[in-house]
Amino acid sequence: MTPAARPEAAAPDFERARRAVSGLRAEVREECEPYREHLWTGRRPGVPTLQIDDFSALPFLDGVSGVEHYQHRARLRAGDDDLFAAVVPPVDGYEAYCQDSLGLGRPECLVAEPTAGPLAVAAAVQAGPTGERIAAAARRAGGLDVHPFLGSETIWTLAGWLARRAGVEVRVLAPPPPVTWRANDKQSFSEIVRRVVGEEWLVEGEAHRDPAEMAAALRSLAARHPVVALKRLRCASGLGNATFDAGRLRGAAAARREVDAFLRRTGWDGREEVQAVAWESAEHSPSTQVWVPPDGAGDPRLDGIYEQLLEGERRVFAGSRPSTLPDRVNRWLGRGALEVAAALQSLGYVGRCSFDHLLVGDPEGDCELRFVECNGRWGGTSLPMHLLDRVLDGGPRPPYRAQDFVHPGLVGVPFREILERVGEAGWTRERREGRYLFYNVGPLAEHGKLDVLALGADAADADRALTVDLPRRLGL
């Protein structure tokens, strides 16, 4: 049944959602047992938080320009008495901007020497004096919380090391790795969606480990859909996707060639499953943003529904804006997201989580909703949302558009000069006005790239602020 034909959306049935995954719970809880002593159970007064964005567990990010600077997005979550760690120094002037213009407090930034590449922040922290400084701070405070971008194994290893060095409780505000990967793995997440809200919320597809079976699945899907795709399971931003016109897969040999080329290109290890899916035509790709408390500490909370801005054939994420979809569609998206989040919570998920969807059909009429994947981590939509909530002290969000802004004319332009060019249109907490907030400014020097949150009177005005007015103000 489509949203247009459904009655008014009922409240989420959290208990039914939790029961739907009861068969998985014992298995997952047993896998999570080694991580029990570091599970986050809620905020502790007087205990500092280490904010750390380690991207080393996600594949294919080396193709993202300036990705080594993305670790400084952790600054958007940090406040007074917090610590945040990186292996790349911050951009000159950015910390003063965060403190003075945005009012984000005065945390301590710790820059570690890289030991395993520019994205492996946790390993670098543990290997050098930075880790000892964090352990000393934890010892003085009597505890530490670690709040990562993603609850990967390296983060939990770091938490255990810090706990031993400091002799205090160290807890991780993220799901333990077995739950992290059940959420972020496209196939295991699809199984959770199937159990909780049903097959109709999923794109048609299947997963295989054998290349011949992948090719056969692609051909089968191509008989029913004009475009099909292969997907690696643990990738971000569509970077592990490849699409194929059905006509290219008419013969078994052609399909196998495409599969083999995809596996070589993506460095397949011969063991991981790969999804073959229908590539459904959709103009709208909503994102639901959820906060998940520890199990038993309350139900998941819906923090926003957004429209994703996607680029290129692979539909790579470029930015987002608050949803302008009809209320009835937003209500059904919200209910589905909360029920799936409750199922994840019962498995041990905690912290920030978001879901990518497709809206197939006419949002004002006959349409269907799909879950595409789970982002069991902080990301390009949740971070600017959180930033805006912080600078507005939790007040109502105005219409806005958040995305990366790239221009060759900005290569090498100092961040301070960006602020000068924008002038009074830049947001300041003191005036509580302005149209632009900036973050992730590290890629400016080499790539002419930074992230912008542009405010507007309505969605169209926010779009103009970013696509028309900002280039003019920057002299581009």
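Helices (H or I, at least four residues) and strands (E, at least two) are DSSP runs, numbered from the N terminus. With those labels, Pro175 sits in the loop between β5 (170-172) and α7 (177-184). The model is predicted. This briefing covers a four-stranded sheet, two helix pairs, two further helices and three single residues.

**The sheet**

- Four strands make up an open sheet, and their order is β6-β9-β7-β8. The pairing is antiparallel.
- Strands β6 (205-208) and β8 (241-245) are at the edges. Each has a single partner strand, so one side of each lacks a neighbour in the sheet.
- From one strand to the next, the twist averages 20°.
- Strand β7 covers residues 227-232 and is joined to β8 by five bridges. The two strands run antiparallel.
- Within this pair, Val227 stands opposite Asp245 in β8.

**Helices on the sheet**

- Helix α8 (residues 186-196) lies across β6, β7 and β9 (274-278). It runs at about 55° to β9.
- Helix α9 (residues 211-222) also packs on the sheet. It touches β6, β7, β8 and β9. The direction of α9 makes about 10° with that of β9.

**Helix pair α8 and α11**

- Helix α8 also meets helix α11 (residues 327-347). Their axes come within 10 Å and cross at roughly 115°.
- The crossing of α8 past α11 is right-handed.
- From α8, the contact uses Phe189, Ile192, Val193 and Val196. From α11, it uses Glu339, Val340, Ala343, Leu344 and Leu347.
- Of these contact residues, eight are nonpolar, none is polar and one is charged.

**Helix pair α5 and α6**

- Helix α5 spans residues 129-141, and helix α6 spans residues 153-166. Their axes come within 9 Å and cross at roughly 60°.
- The two helices are therefore oblique to each other.
- Their crossing is right-handed.
- Helix α5 brings Gly131, Glu132, Ile134, Ala135, Ala138 and Arg139 to the contact. Helix α6 brings Trp161, Leu162, Arg165 and Ala166.
- The residues of this contact divide into six nonpolar, one polar and three charged.

**Buried faces of α3 and α12**

- In helix α3 (residues 94-101), the buried residues are Tyr94, Tyr97, Cys98, Gln99 and Ser101.
- Their cover includes α13 (415-422) and β16 (436-439).
- Gly103 comes just after α3 and takes a positive phi of about 70°.
- Helix α12 (residues 382-391) has seven of its 10 residues buried, so it is largely enclosed by the rest of the structure.
- The buried residues in α12 are Ser382, Leu383, Pro384, Met385, Leu387, Leu388 and Val391.
- Just after α12, Asp393 has a positive phi of about 55°.

**Pro175, in the loop between β5 and α7**

- Pro175 has a relative accessible area of 2%. The cut-off for buried is under 20%, so Pro175 is buried.
- Leaving out residues up to four places away in sequence, Pro175 touches Gly151, Trp156, Thr180, Gly348, Tyr349 and Val350.
- Val292 lies 117 residues from Pro175 in sequence. In space, the two are 9.9 Å apart, C-alpha to C-alpha.

**Thr266, in the loop between α10 and β9**

- Helix α10 covers 252-265, and Thr266 is found in the loop between it and β9.
- Thr266 counts as buried, at 10% relative accessibility.
- Apart from neighbours within four places in sequence, Thr266 is in contact with Phe60 and Arg232.

**Ser354, in strand β13**

- Strand β13 runs over residues 351-361 and contains Ser354.
- Ser354 has 6% relative accessibility and counts as buried.
- Not counting residues up to four places away in sequence, Ser354 touches Ser287, Thr288 and Gln289. It also touches Glu373, Cys374 and Asn375.

Key. Residues are numbered from 1 along each chain as its sequence is written. This is a predicted model: local features need pLDDT of at least 70, side-chain atom pairs count only at pLDDT 80 or more; totals for chains, interfaces and linings use all residues. Side-chain values use heavy atoms; hydrogens and water are left out. Two strands pair if DSSP finds at least two bridges between them. Axes are lines fitted to C-alpha atoms, for helices over the stretch in contact, and angles run from 0 to 180 degrees between N-to-C directions. Contact means heavy atoms within 4.5 Å. A crossing is left-handed if the near helix is turned anticlockwise from the far one by less than a right angle, and right-handed if clockwise. Ala, Val, Leu, Ile, Met, Phe, Trp, Tyr, Cys and Pro count as nonpolar, Asp, Glu, Lys and Arg as charged, and the others, Gly among them, as polar. Buried means under 20% relative accessible area, exposed over 50%, partly exposed in between (1.4 Å probe, protein chains only). Angles under 35 degrees count as roughly parallel, over 145 as roughly antiparallel, 65 to 115 as roughly perpendicular and the rest as oblique.
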